[in-house]
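Hi there,

Here is the structure we talked about, ready for you to open. My notes on what turned up follow just below.

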Amino acid sequence: MNQSDLIKERIKTVMLSDRRSDVENLLIAIKSDVTLILQSYMRITAEDVKITFEAEDGSYKINIFTETDNLIPPGKAI
């Protein structure tokens, strides 16, 4: 592998790393926002909310999972 190929590989690695970091930061922000919204309707904590992210062919899928046994009755939501 020549110097040019090494540089290309390094740039590719750095760009992929930046992209992963961007996705992780996005998921943290989404989890925070979703948790705040859901807490108006059910008793949950941030630890109760799980988020998965999938990317394929320029399309993204974000799955949000939570579970509670304590819903807030309609009209009582804050």
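One definition before the notes: a residue is called exposed when over 50% of its relative area is accessible, buried when that value is under 20%, and partly exposed in between. Please also keep in mind that this is a predicted model.

By that yardstick, Asp-57 counts as exposed because its relative accessibility is 76%. Asp-57 sits in the loop between β1 (50-56) and β2. Its phi is near 50°, a positive value in a residue other than glycine.

Now the overall layout. The protein has 1 helix and 2 strands, and along the sequence they come in the order α-β-β. Of the 78 residues, 14% are buried. The accessible surface is about 6,500 Å², with 55% of that area belonging to carbon and sulfur atoms. If we take contacts between residues at least 6 apart in sequence, 39% of them join residues at least 24 apart.

Next, the inside. The largest nonpolar core has 8 residues: Leu-27, Ile-30, Val-34, Leu-38, Met-42, Ile-44, Val-49 and Ile-51. Helix α1 gives the most to this core, with 4 residues. One core member to look at is Ile-44. Beyond its neighbours within four places in sequence, Ile-44 is in contact with Thr-35, Leu-38, Gln-39, Val-49, Thr-66, Glu-67 and Thr-68.

Thr-35 deserves a click as well. This residue belongs to helix α1 (residues 3-38), and it counts as buried because its relative accessibility is 5%. What does the side chain of Thr-35 reach at 2.7 Å? It is the backbone oxygen of Lys-31. Setting aside neighbours within four places in sequence, Thr-35 is in contact with Ile-44, Thr-45, Ala-46 and Val-49. Two of these partners, Ile-44 and Val-49, are also listed in the core.

Last, the outside. Leu-26, Ile-62 and Ile-64 make a nonpolar surface patch of about 230 Å². Ile-62 lies in strand β2 (residues 59-65). Is Ile-62 buried, partly exposed or exposed? At 34% relative accessibility, Ile-62 falls between the two cut-offs, so it counts as partly exposed.

Happy to go through any of this with the model open on screen.

Best wishes

Terms used
Residues numbered from 1 in each chain as written. Predicted model: local features only at pLDDT ≥ 70, side-chain atom pairs only at ≥ 80, totals over all residues. Heavy atoms only, no water. Buried < 20%, exposed > 50% of the residue type's maximum accessible area, 1.4 Å probe, protein only. Contact = heavy atoms within 4.5 Å. Areas by Shrake-Rupley, 256 points an atom, 1.4 Å probe, with all protein chains shown as cover. Polar contact = N/O pair within 3.5 Å; in protein donor to acceptor, adjacent residues only side chain to side chain. Patch = residues over 30% accessible without salt bridge, like charges linked within 9 Å, V, L, I, M, F, W, Y side chains within 5 Å. Salt bridge = Lys/Arg side-chain N within 4 Å of Asp/Glu carboxyl O. Core = buried A, V, L, I, M, F, W, Y, C linked by side-chain atoms within 4.5 Å.
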